[in-house]
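Here is a friendly tour of a few spots worth opening in your viewer. Have the sequence and the coordinates side by side as you read.

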Amino acid sequence: MFAALVSLVGAAGTVLLVLKHLKACKSTGDTPSRTLFVRCGLILLIQLFFTVWSAIGLVDCADPMAVVVAIVAHALLCGCAYFNIHRDRVLERLQALLGAEGKFAHPLLAASIMILLAGVFATLGLEFSSNHDLTWMYPLCLLLEWALVAFAMLGLFFLFQRRCGGAVVLAVALYVLGLAEYFVILFKSMPISPGDLTALSTAAAVAGTGFTYTITSFCMLSLAFTVIAIQICTLAAQVAPKRQKGSWRGLVLNLLIAIVCLGGIAAHTTLLDYYHTLYIQVYSWRPLESYYRQGFLPSFISGAQTIKPSKPEDYTVSGAKKLISEYAKEYDGNNQTGGSSATRLEATKQFDEEKPTVIAVMNETFSDLSIYQNMHADYQGPTYFKSIDDCLSRGRLYVSAYGGGTANTEFEFLTGNSMAYLGSGVYPYTTYDLTDTENLAAQFKSLGYYTTAMHPNHGTNWNRENVYKDFGFDQFLTINDFQNAETLRGMVTDRATYDKILELLDTNSNPQFIFDVTMQNHSGYDTGLIPYDKQMSLNIDGEFNSNVNEYVSLIQQSDEALKYFLNKLSKLDRKVVVVFWGDHQPFFPDTYNDRWFTNEDDATHQERLWQTSYIIWANYDVAGNSQTSHEEDLSSNYLSSELMKLIGAPLTDYQKAHLTLRQSLPALNSVGYEDSQDRWLLSSSKSDEAYNDTIAAACEKARSDYHAMQYYMMFGDGKDIYTKHYQDAANETDPNLAPGTTKIK
């Protein structure tokens, strides 16, 4: 309640200042300015909002420093109210100083300097909500961010003919952006990236689901800085000489200055390479630190400039095609683990005789937090999932998402492409045209499968309705197909999606590929909506964390639902394969990772956050496989290739290349990569420099080759190979297209 008390005292201070001024006006017979009540009223409304927000427990102001910051914020707001009360007097003194007869008779220059000063406070208004310690920020990056903000405000000031409206709107927009950055970090432990702008509809769809919008006193301080910036802008507009009506010279001058400022910023951010020239780089393994040290705008611009990756070194289309062909040929000729091996030949023969239905379940935020050994002495993670002993394969799955970004794990699985070679903060589903991108749905469809995607939420999320259509799914089941389904915390349960899958199997005996993206475990985890009989309670370092407890309670429900599902499938009189994995960890384990795991190399430390688990399971005896839950760690870009290999399905040349690459490059994601000796390095490192051995050199070559092949498949005239691959795959089996009853929605 300290925050509420501080805010209430601040509001009372503003009221007293206005009342005192009105009393003084009454005694002198002066008439108060009409705009005084508007300006001070807005400040009072801000203070009253903070009072109410604090009173209902939505302002985090527990520690003494936070209270001090809140006091400073409201003191500044009261100071702005005082300035507005005495605004005319301040303006008179400025006119005397800067006017035609003043000591400094350069009002236009003075107004420009004031706008640049306002840029300082607007920059603070942007940063302080989420980035509290600016002493940690690189000074040149802070200077660059101020220059971007200040000269944009100056350009708008002159664009609007020395009126403050444009600059004020920009200052407010920057504050809103900073507040949005704070909430995104709060909910995802990740900063806003350029790719997020292409997924605004997805963000809006889940924004009101399970999130508590708690602010801090630093958010108050940011708003106070923004209000100061606004006050300075309005004062600058009063100081600047007005353009005389009919004066074309003044109009042209204003527009020229605006063009120089705004055009200069546009040219600067377009032509100057932030990543390679200024070395402003957003590291995937610690993006928050990158934003904190380099500032929001410089980091965001750097990410935007790299959203489409540059061509690999020495890249040619013919060279990439040759690499794919060579790697595929190496796989085909390998009689130990490749296409000529006895196990692969047995599985292929079985698949050709009867194609199994394949069900892929990407389970929302499913992960095993028992890998954080101090989480709780008795917490063992998802016990049923970990006990399954008849899998074709299982193990750790290294992904390219943390705290959010489901679609990127999905993209890696369906296409076999890795986020390691794409720009920071990219979401391919919403950024790139994937119409001709090789993918698992089209591959199964070419093999005679009926293909279904399902996600019990809005089809517009992550642009799935368009991507799935481009990928060739026959139908897409969305939230509209889950009316009256069982829910938990208002979200459709995992079990409800499994029942829908069982329904699809019951109504169509032909081979199907079903891709289920669940929703049950989506953040936030502070809803308090878990029924009492389904709650878990962990004591972690002497405290109960509501986010952790709600999350592990959800994972327990997912674990039980998976048990129900596999038991049902095991009794079916048809061949079914299930690949099940988690898309990413929740947003909070980084706290425990940093607290409990010290004195280890950066790559190992970071990769703990960027891993989940997977299983590949079948309800029948798969030829060539012992089905004893062999442990095989993968990354999500390899998962579909491994699946197709194990069940004996036809492989594309690109998938064969993946399986060959894994010998030297067993796993990789946007954070780092692993060599054949289980050594992890960060993505910015070179293994042949870190480890001077033949294994490191082979790993580095595999990385380079993969980069060239992926660039070709995504950006480098890949349509012909896309068509050829699927034609070849279709020719390996007799087409038996399932009768489609529903077109994709």
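Gly405 touches Tyr427, Trp462 and His584, leaving out residues up to four places away in sequence. Keep in mind that this is a predicted model. Gly405 is found in the loop between E4 and helix H16 (406-415), and E4 will come back below as part of a sheet.

**Around Gly405**

- Gly405 has a relative accessible area of 6%, which is under the 20% cut-off, so Gly405 is buried.
- Gly425 is 20 residues away from Gly405 along the chain, and the C-alpha atoms of these two glycines are separated by 9.3 Å.

**The eight-stranded sheet**

- Eight strands form an open sheet with mixed pairing, and their order is E6-E5-E9-E3-E10-E11-E4-E12.
- At the edges of this sheet sit strand E6 (475-477) and E12, each of which pairs on one side only.
- As general background, strands of a sheet pair through backbone hydrogen bonds, either parallel or antiparallel.
- A parallel example is strand E5 (residues 450-454) with strand E9 (residues 512-517), which pair over five bridges.
- In that pair, Met454 has Asp516 of E9 as its bridge partner.

**Strand E4 and its partners**

- Strand E4 (residues 393-398) pairs with E11 in the antiparallel sense, over six bridges.
- To locate this pairing in the viewer, look for Arg396, whose bridge partner in E11 is Ser613.
- E4 also pairs with strand E12 (residues 634-635), here in the parallel sense and over two bridges.
- For the pairing with E12, a handy marker is Leu397, which stands opposite Leu634.
- Five of the six residues of E4 are buried, so this strand is largely enclosed by the rest of the structure.

**Strand E11, between E10 and E4**

- How many residues of strand E11 (residues 611-618) are buried? Eight of the eight are, so E11 is largely enclosed by the rest of the structure.
- The burial covers both faces of E11: on one side are Gln611, Ser613, Ile615 and Trp617, and on the other are Thr612, Tyr614, Ile616 and Ala618.
- Strand E10 (residues 576-582) joins E11 through antiparallel pairing over five bridges.
- Within that pairing, Val579 has Ile616 of E11 as its bridge partner.

**Leu566, a helix residue in contact with E11**

- Leu566 is found in helix H21 (residues 546-570).
- Which residues does Leu566 contact, leaving aside neighbours within four places in sequence? They are Tyr384, Ile388, Val578, Ile615 and Trp617.
- Two of these contacts, Ile615 and Trp617, are on one and the same side of E11.
- Another of the contacts, Val578, is twelve residues from Leu566 in sequence, with a C-alpha to C-alpha distance of 8.5 Å.
- Leu566 counts as buried because its relative accessibility is 2%.

**Where helices H13 and H25 cross**

- The axes of helix H13 (residues 317-332) and helix H25 (residues 653-661) come within 8 Å and cross at roughly 70°.
- That angle falls in the 65 to 115 degree range, and H13 and H25 are therefore roughly perpendicular to each other.
- The crossing of these two helices is left-handed.
- On the H13 side, the contact is made by Ile324, Tyr327, Ala328, Glu330, Tyr331 and Asp332, while H25 contributes Asp653, Tyr654, Lys656, Ala657, Leu659, Thr660 and Leu661.
- By class, the residues of this contact divide into eight nonpolar, one polar and four charged.

**Thr660 in the helix contact**

- Thr660 lies in helix H25 and touches Tyr327, Glu330 and Tyr331, not counting residues up to four places away in sequence.
- Is Thr660 buried or exposed? With 5% relative accessibility, Thr660 counts as buried.

**The three-stranded sheet**

- An open sheet of three strands has the order E13-E14-E15, and its pairing is antiparallel.
- Its edge strands are strand E13 (667-668) and strand E15 (680-682), each pairing on one side only.
- Strand E14 (residues 672-674) runs antiparallel to E15, and three bridges join them.
- To find this pair, look for Gly672, which stands opposite Leu682 in E15.

Key: Residues are numbered from 1 along each chain as its sequence is written. This is a predicted model: local features need pLDDT of at least 70, side-chain atom pairs count only at pLDDT 80 or more; totals for chains, interfaces and linings use all residues. Side-chain values use heavy atoms; hydrogens and water are left out. Buried means under 20% relative accessible area, exposed over 50%, partly exposed in between (1.4 Å probe, protein chains only). Helices (H or I, at least four residues) and strands (E, at least two) are DSSP runs, numbered from the N terminus. Two strands pair if DSSP finds at least two bridges between them. Axes are lines fitted to C-alpha atoms, for helices over the stretch in contact, and angles run from 0 to 180 degrees between N-to-C directions. Angles under 35 degrees count as roughly parallel, over 145 as roughly antiparallel, 65 to 115 as roughly perpendicular and the rest as oblique. A crossing is left-handed if the near helix is turned anticlockwise from the far one by less than a right angle, and right-handed if clockwise. Contact means heavy atoms within 4.5 Å. Ala, Val, Leu, Ile, Met, Phe, Trp, Tyr, Cys and Pro count as nonpolar, Asp, Glu, Lys and Arg as charged, and the others, Gly among them, as polar.
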